[in-house]
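User: I'd like a close look at one loop residue in this model, and then at how its surroundings tie into the rest of the fold. Take your time and walk me through it.

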Amino acid sequence: MEKTDLYLEKYTVVSKQSWWQGFKRAVYNPREKTVFYRNKSSWAKIILFYICFYGCLAGFFAICLGVFLSTVPPLDNGPKYTMYNLNPGIVATPSSYPPTGATNANSVNVSRSQISMVLAPYMGSRTPFECGTGRTCLFDASTLQECGRAPYGFTNRTGCIILSMNKVWNWVPAVNNTALDYVPVYCNAIKTGDLNPKPTVTVINGGFTRSFYPFNGQQNYQKPLVAVRFDLVDKPYQIHCTLNATNVQISPAANKLSEAQVFVGVNQPQ
């Protein structure tokens, strides 16, 4: 039989195999002693290659992770770098108030819900946190007066905002009047245009309680809050609040990142 006839005969036999026979032949070929078309030598080489490849990859990852972890300070020391070293940011809730009127009842309810969410952790049973050697602190939400309970000082002619300060590790506020037990917050109405008289803006509890600082990762730590009551009028204006501490820098530019100030729009569409 010629060589061409032998090839055709082999091809014909293989082509008549069922799919199951072909699958078994792929898994293990008894004639060629292969598993998935690879013999012992081929499997040994590819296994050795991947052991070396993934071993080097794991070693490289372990070295990178070790270098990274060597730069991380202990948890008790706080973050190594922070953009808030000098100027803690102030957050106002809500950040703006919608126009007054019955048609904006939904927007007003949203503002009340936002204040309620901020105050929720300060209600009910709480655990005091350590705020000095042998001292514990717990913020009293009743100092916020009507802004600390529903409807959160929001009526047809007045409204409230709640101010909080972001936590800055080991930052201690410095004030001129050391007799005060809080860091004063000053708020006033700006961009009032031709409004006469100007809307009244009142900081109810004076400022942020000084005994709550510094923040060093204490368990159960809660930031002090400040309540601001203001007039709702028929024209829009802004409330500008600043932290009166000597160790902060406040830029005249509005809404700069990491500034100890906040701007709140009153009667502004949301």
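What is the relative accessibility of N170, and does that make it buried, partly exposed or exposed?

Analyst: Quick caveat before we start: this is a predicted model. N170 comes out at 49% relative accessibility, which puts it in the partly exposed class. That's a close call, since the exposed class begins over 50%. N170 sits in the loop between β6 and β7. What makes it worth a look is its backbone: phi is positive, about 65°, although N170 is not a glycine. Most residues other than glycine have a negative phi.

N170 has company in that respect. K191 also has a positive phi, near 50°, and again it is a residue other than glycine. You'll find K191 in the loop between β7 and β8. So β7 has a loop with one of these residues on either side: N170 in the loop between β6 and β7, and K191 in the loop between β7 and β8. K191 counts as exposed, at 64% relative accessibility.

Stay in that second loop for a moment and look at T192, which lies between β7 (182-190) and β8 (201-203). T192 is buried, with a relative accessible area of 9%, whereas K191 is exposed. Setting aside residues within four places in sequence, T192 touches K198, P199 and Y237. Y237 is the useful one for our walk, as it is a buried residue of β11.

Now to β11 itself, residues 237-243. Of its 7 residues, 7 are buried, so the strand is largely enclosed by the rest of the structure. Both faces are covered: Y237, I239, C241 and L243 are buried on one side, with Q238, H240 and T242 buried on the other. The strands that pair with it include β7, which runs antiparallel to β11 and is joined to it by 6 bridges. One concrete example to click on is V185, whose bridge partner in β11 is L243. β12 (residues 261-266) is also antiparallel to β11, again with 6 bridges. There, Q238 has G265 as its bridge partner. Put together, β11 is bridged to β7 and to β12.

Back to the start of our loop, and to aromatic rings. W169 belongs to a cluster linked by ring pairs, along with Y122, F129, F139, F212, F215 and Y221. Aromatic pairs come to 11 in total. One of those pairs is F49 with F53, where the ring centres are 6.1 Å apart and the planes make an angle of 15°, so it counts as stacked. Those two rings are both carried by helix α3 (residues 40-70), 4 residues apart, about one turn of the helix. F53 is partly exposed, at 40% relative accessible area.

The stretch around that cluster has a backbone oddity too. A cis peptide bond, with omega about 5°, joins Y213 and P214. P214 is in the loop between β9 (207-209) and β10. There is another cis bond between T93 and P94, where omega is about -10°. P94 lies in the loop between β3 (90-93) and α4 (105-119). For context, most peptide bonds are trans.

β10 brings us to the charges. Searching the whole structure turns up 1 salt bridge. The partners are E146 and R229, and their closest N and O atoms are 2.3 Å apart. E146 is in the loop between β5 (136-137) and β6 (158-165) while R229 is in strand β10 (residues 225-231), so the pair ties together parts that are 83 residues apart in sequence. Both partners are partly exposed: E146 at 23% relative accessibility, and R229 at 25%.

One last stop is the surface. Y28, V35, F36, W43, I47 and I51 make a nonpolar patch of about 570 Å². Helix α3 supplies the largest share, 3 residues. I47 is in that helix, and is partly exposed with a relative accessible area of 47%.

How values were computed
Residues numbered from 1 in each chain as written. Predicted model: local features only at pLDDT ≥ 70, side-chain atom pairs only at ≥ 80, totals over all residues. Heavy atoms only, no water. Phe/Tyr/Trp six-rings, centres within 6.5 Å; stacked < 30°, edge-to-face > 60°. Buried < 20%, exposed > 50% of the residue type's maximum accessible area, 1.4 Å probe, protein only. Contact = heavy atoms within 4.5 Å. Patch = residues over 30% accessible without salt bridge, like charges linked within 9 Å, V, L, I, M, F, W, Y side chains within 5 Å. Areas by Shrake-Rupley, 256 points an atom, 1.4 Å probe, with all protein chains shown as cover. Salt bridge = Lys/Arg side-chain N within 4 Å of Asp/Glu carboxyl O. Pairing = 2+ DSSP bridges.
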